[in-house]
Amino acid sequence: MDNTSIITQVANPKDEELISSSQEKVSQSNSSLKKHRNRSIFTHIFCCFRNYNVEPPSPISKPCGLPAPAEENGPAPKSPAKYLLPEVSVSDCGKNCVVIDLDETLVHSSFKPINNADFIVPVEIDGTIHQVFVLKRPHVDEFLQKMGELFECVLFTASLAKYADPVADLLDRWGVFRARLFRESCVFHRGNYVKDLGRLGRQLSKVIIVDNSPASYIFHPENAVPVQSWFDDMADTELLDLLPVFEGLSREEDVTTMLQSLRAR
């Protein structure tokens, strides 16, 4: 197994001399966001919706049920055999659910040594132990603690559990994540690992996904709060800037209505 295949990441422009046209579009979009940091926070947060580089699935009616995972590159079955999440706990009853991505959203990980790494996680691959160097995004601790107060929080990553689970153990010291979902819980669709929110077992009107990759939420873009991909900018304030938005979303009966109104601004 290629050691990099255990982590699902977008490419770091610093590590590549040549960038494909689709990657270049994302890079240009992120640069534009940085330049307009002083604009309305809502405009900054939701301009990413214009930059899908993955075609959505063939026309699917707005889900009224909870679809099960699709077969690779095939149509999605309409009746789930089992939901991904357990029943809502008593402590989270009445809260909206937030699905939070890991790589390039909360942390950046690398098999190359990072001098200021926050964690070094040993991962066994084909009988050999490899060291993964993990850098935490600025303000991630404050972000997670606040999100844990406001929402039922779920970690959902397309990376493998052998890497992501120990990282989550070190990152989430407060037990914010009520559940953790990994690559096997994704739908492999047109070459991408998609996080099908319809399989969670929660009302879609009460589910939000926070992710740096539009391909991850192409089934439910109306539920997404996109964030910029993060690698090593220690001056980044994205997670801190998002907190007022989530405070508002935590009080909404239908989060998609508020997200739609914010995108329209």
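A salt bridge is a side-chain nitrogen of Lys or Arg within 4 Å of a carboxyl oxygen of Asp or Glu. By that criterion, this predicted model contains 13 salt bridges. A search of the whole structure for disulfides, in contrast, finds zero. The points below describe several of the charged pairs, two cysteines and one helix.

**Salt bridges between separate elements**

- D141 and R173 form a salt bridge in which the closest N and O atoms are 3.4 Å apart.
- Because D141 belongs to helix α3 (residues 140–150) and R173 to the loop between α4 (161–171) and β6 (177–181), this pair ties together parts that are 32 residues apart in sequence.
- With a relative accessible area of 58%, R173 is exposed.
- A further salt bridge joins the side chains of R180 and D165, at 2.6 Å from N to O.
- Here R180 is part of strand β6 and D165 is part of helix α4, so the contact ties together parts that are 15 residues apart in sequence.
- Both partners are partly exposed: R180 has a relative accessible area of 25%, and D165 has one of 28%.

**A network of charged residues**

- Salt bridges link D92, K95 and R178 in a network.
- Within this group, K95 pairs with D92, and their closest N and O atoms are 3.6 Å apart.
- D92 counts as buried because its relative accessibility is 1%, whereas K95, at 25%, counts as partly exposed.

**Cysteines without a disulfide**

- The cysteine sulfur closest to that of C97 is in C153, at 7.8 Å, which is too far for a bond.
- The cut-off explains this result, because a disulfide requires a pair of cysteine sulfur atoms within 2.5 Å.
- C153 is likewise in no disulfide, its nearest cysteine sulfur being that of C97.
- Both residues count as buried, C97 at 2% relative accessibility and C153 at 0%.

**Helix α5**

- Helix α5 comprises 12 residues, from 238 to 249.
- From its first C-alpha to its last, α5 reaches 17 Å, which is close to the 16 Å expected at 1.5 Å a residue.
- The buried residues of α5 are E238, L239, L242, L243, V245, F246, G248 and L249.
- As background for reading such a list, an α-helix has 3.6 residues a turn, so residues three or four places apart point the same way.

Conventions
Residues are numbered from 1 along each chain as its sequence is written. This is a predicted model: local features need pLDDT of at least 70, side-chain atom pairs count only at pLDDT 80 or more; totals for chains, interfaces and linings use all residues. Side-chain values use heavy atoms; hydrogens and water are left out. Helices (H or I, at least four residues) and strands (E, at least two) are DSSP runs, numbered from the N terminus. The expected span of a helix is 1.5 Å times one less than its number of residues. Buried means under 20% relative accessible area, exposed over 50%, partly exposed in between (1.4 Å probe, protein chains only).
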